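Okay, thanks for coming, everyone. Let me put the structure up on the screen, and then I'll walk you through the inside.

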Amino acid sequence: MTLEQTSSVAPLAVVLVSGGLDSMVAAARAREDGFRLLALSVDYNQRHRMELASARRIAHELGAVRQVVLPLDLAAFGGSALTDDIDVPKEGVQPGIPITYVPARNTIFLSLALGWAEAAGARDLYIGVNALDYSGYPDCRPEFIAAFEGLAELATKAGVEGSPFRIHAPLQHLTKADIVREAARLGLDAGLSWSCYDPAPGGLHCGVCDSCRLRKKGFEEAGLPDPTHYAV
């Protein structure tokens, strides 16, 4: 038993906390499910680095047992508007996989979360992916989550020895409005979260990138006040 497990009888879960609204709600759902939180945030040299400050605030607000902000410079690979010298699209959500897709990001992040979970003796991982109101990323689909759960069983000592991992994606089939309502139900301060892919001067959300548009749409359709400060 690890030191992290000895402090309470409640089980541990590793939660991916990016700093965005979806990951915030997913982490709060893990807490509601009775888990103590190990919050994993990845500093992948993303353009919207302000989300890391939000991730720290969220981990603290949710009472995480521990937060790790892991440096992993995906900008060395490039290939995305979030990690390379490529303009972030501002024309609205378009068909197809957008240039803001970071190659294999959720596969990489879940692999890191899986490594920490096995080391800590946790068997549950939470991720805030969503397959309805999203930007078309392939690694947000239910098929991906199911496949990764199978991979985790094959790839780990715990899985081989009959102690499999569970990948929870509690927002998988929710609209963005549903997620906003869930944040309100859980008593979360959505203003702590950060969504914008291309922050405007003064610490504002740009208001026109895909992520900002989806965030705005969610609050509007939920009929709840949006605490976000937008440039546009």
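So, what volume does the largest cavity have? About 720 Å³. Keep in mind that this is a predicted model. And how many cavities of 30 Å³ or more does the structure hold? Just 1.

Now let's look at the walls. The lining of that largest cavity takes in 38 residues, and nearest its centre you'll find Ser18, Asp22, Arg105, Gly128 and Tyr197. As for the elements giving two or more residues to this lining, they are helix H2 (21-32), strand E2, helix H3 (50-61), helix H4 and helix H8 (210-222). And what's the mix like? We have 19 nonpolar residues, 12 polar ones and 7 charged ones around the cavity.

Okay, on to the packing. The largest nonpolar core is made of 41 residues, and the ones with the most contacts inside it are Leu40, Leu110, Leu125, Ile127 and Ile145. At least two core residues come from each of strand E1 (12-16), strand E2 (36-43), helix H4 (105-120) and helix H5 (142-155). Which of them gives the largest share? That's H4, with 7 residues.

Let me zoom in on Leu125. Leaving out residues up to four places away in sequence, Leu125 touches Val14, then Leu110, Ala113, Leu114 and Ala117, and also Phe165, Arg166, Ile167 and His168.

Finally, there's another core, lying apart from the largest one. This other core has 28 residues, including Met24, Leu62, Val180 and Leu186.

That's my tour, so over to you.

Definitions and conventions
Residues are numbered from 1 along each chain as its sequence is written. This is a predicted model: local features need pLDDT of at least 70, side-chain atom pairs count only at pLDDT 80 or more; totals for chains, interfaces and linings use all residues. Side-chain values use heavy atoms; hydrogens and water are left out. A nonpolar core is a set of buried Ala, Val, Leu, Ile, Met, Phe, Trp, Tyr and Cys residues joined through side-chain atoms within 4.5 Å. Buried means under 20% relative accessible area, exposed over 50%, partly exposed in between (1.4 Å probe, protein chains only). Helices (H or I, at least four residues) and strands (E, at least two) are DSSP runs, numbered from the N terminus. Contact means heavy atoms within 4.5 Å. On a 1 Å grid over the protein atoms alone, a cavity is a set of points where a 1.4 Å probe fits but cannot get out, and a pocket is an open set with protein on both sides within 12 Å along at least five of seven lines; lining residues have an atom within 4 Å of a point. Grid points are joined across faces, edges and corners, and a volume is the space filled by probe spheres set on the points. Ala, Val, Leu, Ile, Met, Phe, Trp, Tyr, Cys and Pro count as nonpolar, Asp, Glu, Lys and Arg as charged, and the others, Gly among them, as polar.
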